[in-house]
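I opened the notebook to record what I looked up in this model, entry by entry. I begin with burial, since several later entries lean on it.

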Amino acid sequence: MPNRALLLKLLSAAILFGAWEIAGLIPVSFAFPTFTESMSALVEMTLNGMMFEAYAETLKPLAIGVAISAVLGIAIGLWVGLSKTFDWLFSPIFIVMQAAPLAALIPLLVLAYGIGLTSKVLVVCIMAMPVIVLNTSGAVRNTPESFKEMGRSFLASETSIILRIIIPAASPVIFAGLRLGISAGFIGAILSELKITPTGVGDIITYSRSIADYPSMYAAIFSIILLAVLFLNLLEKIEVTLFKGNQRGYVSD
């Protein structure tokens with residue numbers, strides 16, 4: 001079964017890249033290079049060190065923003081999920097944050113915090129934290145009542161019920177929310193580089209577009225997608241390993 005899944009993924013990638021190559025050869029647009037040209041540009045930028053320098057800049061706000069979002073997001077999500085009062089107070093805020101058009105908020109962040117690292121970290125947090133908070137609170141809120149009643153029947157304190165029943169039961173869904181939050185954080189990191197200051201991979205995209213070097217532009221975009229896919233697949237593997245045997249997001253043993 002794993003081999004079949006891998007083959008299907010490889011087939012899907014082959015179809016996509018083949019379609020990309022054909023579209024570039026037709027051509028669909030003068031600004032749309034072939035897959036081969038884009039990969040040649042990616043290899044060249046990797047060998048001359050440009051991609052490594054770019055990602056050193058891009059990953060800095062991403063790592064800081066994701067770390068802050070993970071710690072605060074899970075903590076706030078637990079708090080919101082355990083208290084109806086805080087649920088009423090804070091859930092609407094994060095729902096609005098998730099639904100709000102981020103591009104409209106970036107000028108406000110730049111006005112308040114400038115064009116440096118702080119603004120970029122905040123963009124990542126705004127993208128990642130609502131997903132983590134809402135998934136965490138939902139997982140905690142939907143912990144089966146029978147689990148809690150079992151703990152109370154054994155005279156467990158509320159603290160023990162939270163630490164030994166609710167959090168372990170909600171952990172798979174919390175981890176899934178963390179994975180989705182990191183995915184959103186990738187989007188926020190690149191968007192901040194395109195909208196605030198062109199640094200890192202965003203600088204390659206912006207500069208390549210300005211000089212009509214479209215293979216390099218598409219190569220940079222492809223590298224972002226590839227890195228995000230690989231990282232999210234790694235997290236998915238970790239999730240499957242940690243919560244193997246769980247059904248419907250809850251601990252069953």
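I call a residue buried when its relative accessible area is under 20%, exposed when it is over 50%, and partly exposed in between. The model I am reading is a predicted one.

**Entry: W20**

I looked up W20, which lies in helix α1, and found a relative accessible area of 13%. Because that value is under the 20% limit, W20 counts as buried. Leaving out residues up to four places away in sequence, I listed its contacts as F32, P33, T34, F35, S38, M39, Y218 and F222. I also noted T36, which is 16 residues from W20 in sequence, with 9.2 Å between the two C-alpha atoms.

**Entry: T34**

From W20 I went on to T34, one of the residues that W20 touches. T34 sits in the loop between α1 (2-25) and α2 (35-47), and although it is a loop residue, its relative accessibility is 6%, so it counts as buried. Apart from residues up to four places away in sequence, T34 touches W20, E21, G24 and L25. Looking further along the chain, I found the C-alpha of Y218 at 9.5 Å from that of T34, with their positions 184 residues apart in sequence. Y218 is also among the contacts of W20.

**Entry: the chain as a whole**

I then stepped back to the whole chain, where I counted 10 helices and zero strands, so that the order of elements from the N terminus reads α-α-α-α-α-α-α-α-α-α. The C-alpha trace spans about 70 × 50 × 30 Å along its principal axes. Of the 253 residues, 40% are buried. Among contacts with a separation of 6 or more, I found that 73% join residues 24 or more positions apart. The accessible surface comes to about 14,500 Å², and carbon and sulfur atoms hold 71% of that area. For charge, I recorded 15 positive and 15 negative side chains, with 10 Å between the centres of the two sets.

**Entry: helix α5**

Which residues of α5 are buried? I found L102, I106 and L109 to be buried, in a helix that covers residues 102-113 and has 12 residues. From first C-alpha to last, α5 reaches 16 Å, close to the 16 Å expected at 1.5 Å a residue. Seen down the axis, the buried residues of α5 fall within an arc of 70°, so they line one face of the helix. The general background is that an α-helix has 3.6 residues a turn, so residues three or four places apart point the same way. On the other side of α5, I noted P107, L108 and L111 as exposed. The buried residues pack against α6 (117-141) and α8 (158-195). Just after the helix, G114 takes a positive phi of about 85°.

**Entry: S192 and G138, in the two partners of α5**

Since α6 and α8 both receive the buried residues of α5, I looked up a residue in each. S192 lies in α8 and counts as buried, at 0% relative accessibility. Setting aside neighbours within four places in sequence, S192 is in contact with K120, V123 and T197. G138 has its place in α6 and is also counted as buried, at 14% relative accessibility. The C-alpha atoms of G138 and A170 are 8.7 Å apart, while the residues are 32 apart in sequence.

**Entry: M50**

Is M50 buried, exposed or partly exposed? I found M50 to be partly exposed, with a relative accessible area of 36%, and placed it in helix α3 (residues 50-82). Not counting residues up to four places away in sequence, M50 touches M45 and I204. The second of these contacts spans 154 residues in sequence, with the C-alpha atoms of M50 and I204 8.9 Å apart in space.

**Entry: A212**

My last look was at a backbone angle. Most residues other than glycine have a negative phi. A212, however, has a phi near 65°, a positive value in a residue other than glycine. I located A212 in the loop between α9 (200-210) and α10 (214-242), where it is partly exposed, with a relative accessible area of 45%.

Definitions and conventions:
Residues numbered from 1 in each chain as written. Predicted model: local features only at pLDDT ≥ 70, side-chain atom pairs only at ≥ 80, totals over all residues. Heavy atoms only, no water. Helix = DSSP H or I, 4+ residues; strand = E, 2+ residues; numbered from the N terminus. Expected span 1.5 Å × (residues − 1). Buried < 20%, exposed > 50% of the residue type's maximum accessible area, 1.4 Å probe, protein only. Arc of directions from axis to C-beta. Contact = heavy atoms within 4.5 Å. Areas by Shrake-Rupley, 256 points an atom, 1.4 Å probe, with all protein chains shown as cover. Lys, Arg positive; Asp, Glu negative; His and termini not counted. Charge placed at Lys NZ, Arg CZ, Asp CG, Glu CD.
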